[in-house]
Amino acid sequence: MKLFIMTLLLCCSIFLFNETVVSGNAHAATQTAAIPPRTVTAPVIIDKPVRLTELREQLMREYSVKHYDEAMTEIVPRVVIVHWTASGEAAGVHQYFYREARADGTLNVCSQFLVDRDGTIFRLTPETMLDRHAIGYNWCAIGIENVGGVNDAEDLTEAQLHANLALIHYLKEKYPTIQYVWGHYQQIAAKQSGLYKEHVPGYFNPKVDPGPKFMQALHKKLKASGLKFFKP
């Protein structure tokens with residue numbers, strides 16, 4: 001009897017030891033599998049938000065249901081679309097984007113970012129908020145507006161080029177889902193990406209911004225990034 005009890009205690013000890021080792025190894029495996037937070041190097045960005053209200057969210061949902069057949073306020077970014085404002089100063093652009101609704105009561109136009117003539121970067125909305133800046137692509141696009149392009153002049157500055165490069169690098173690093181960069185005027189060619197989505201027949205506006213010269217410069221500087229461009 002004494003021998004039986006001792007044998008039983010020994011077996012229990014071995015079982016408990018093995019359980020501890022397995023549990024410890026499982027914990028170690030879990031710790032190893034955990035991905036540390038992505039370190040993202042951001043350029044200097046000044047937050048200058050437009051009105052971010054429940055009304056804007058409601059209008060986002062209405063817009064996305066009408067155009068994409070899905071109520072959305074957030075996007076998974078797949079593309080960065082570059083624009084110009086066709087105006088000469090940032091304050092007026094911000095004021096124009098500031099209100100929630102257009103005159104017809106629909107969601108106002110806006111982009112996530114605005115870059116001033118001196119290269120200052122303003123963040124107008126959260127980066128993954130659905131903004132209205134590019135027909136057919138708002139559901140997956142982050143927009144960068146550049147102050148300039150009055151009368152369609154290709155006059156964006158060197159400072160704006162460097163700011164766009166820094167901003168696009170940051171966005172690509174932060175959101176690995178981003179695969180494309182194109183100019184607003186390339187919206188038709190960009191249908192090759194498979195990202196175009198529009199449920200309103202005939203809804204289209206021709207665009208020339210931000211001009212081939214600016215897009216050529218971006219493409220040249222971002223060749224090594226792995227991002228996909230269309231011929232400027």
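Here is a friendly exchange about a predicted model, for someone new to this structure.

Colleague: Which residues of strand β6 are buried on the two faces?
Modeller: Let me start with the ground rules: this is a predicted model, in which local features need pLDDT of at least 70, side-chain atom pairs count only at pLDDT 80 or more, and totals for chains, interfaces and linings use all residues. Residues are numbered from 1 along each chain as its sequence is written, and side-chain values use heavy atoms, with hydrogens and water left out. Helices (H or I, at least four residues) and strands (E, at least two) are DSSP runs numbered from the N terminus, and buried means under 20% relative accessible area, exposed over 50% and partly exposed in between, with a 1.4 Å probe and protein chains only. Strand β6, residues 180-183, is covered on both faces, by Tyr180 and Trp182 on one side and, on the other, Val181 and Gly183.

Colleague: Which residue in β6 does Val79 stand opposite?
Modeller: Two strands pair if DSSP finds at least two bridges between them. Strand β2, residues 79-84, runs parallel to β6 and is joined to it by four bridges. Opposite Val79 stands Tyr180.

Colleague: Which element gives the largest share of the lining of the largest pocket?
Modeller: A pocket is found on a 1 Å grid over the protein atoms alone, as an open set of points where a 1.4 Å probe fits, with protein on both sides within 12 Å along at least five of seven lines; lining residues have an atom within 4 Å of a point. The largest pocket holds about 560 Å³ of space, a volume being the space filled by probe spheres set on grid points joined across faces, edges and corners. Among its 25 lining residues, Val109, His133, Glu145, His184 and Lys207 are the closest to its centre. Two or more lining residues come from each of β2 and α3 (90-98), and the largest share, three residues, comes from α3.

Colleague: How many aromatic pairs are there by this rule?
Modeller: Rings of Phe, Tyr and Trp (its six-membered ring) pair if their centres lie within 6.5 Å, and planes under 30 degrees apart count as stacked, over 60 as edge-to-face and the rest as tilted. One edge-to-face pair is Tyr63 and Tyr68, at 6.0 Å centre to centre with 75° between the planes. The count of aromatic pairs comes to seven.

Colleague: Is Tyr196, in its pair with Tyr137, buried or partly exposed?
Modeller: Tyr137 and Tyr196 form an edge-to-face pair, 5.5 Å centre to centre and 70° between the planes. This pair links distant parts of the chain, with Tyr137 in the loop between β4 (121-123) and β5 (141-146) and Tyr196 in the loop between β6 and α5 (212-221), 59 residues apart. Tyr137 is buried, at 1% relative accessible area. With a relative accessible area of 29%, Tyr196 is partly exposed.

Colleague: Which residue is joined to Asp209 by a cis peptide bond?
Modeller: The omega of this bond is about -5°. The partner is found in the loop between β6 and α5. The residue joined to Asp209 is Pro210.

Colleague: What is the relative accessible area of Asp69?
Modeller: Asp69 is found in the loop between α2 (54-68) and β2. Although Asp69 is not a glycine, its phi is positive, about 60°. Asp69 is exposed, because its relative accessible area is 60%.
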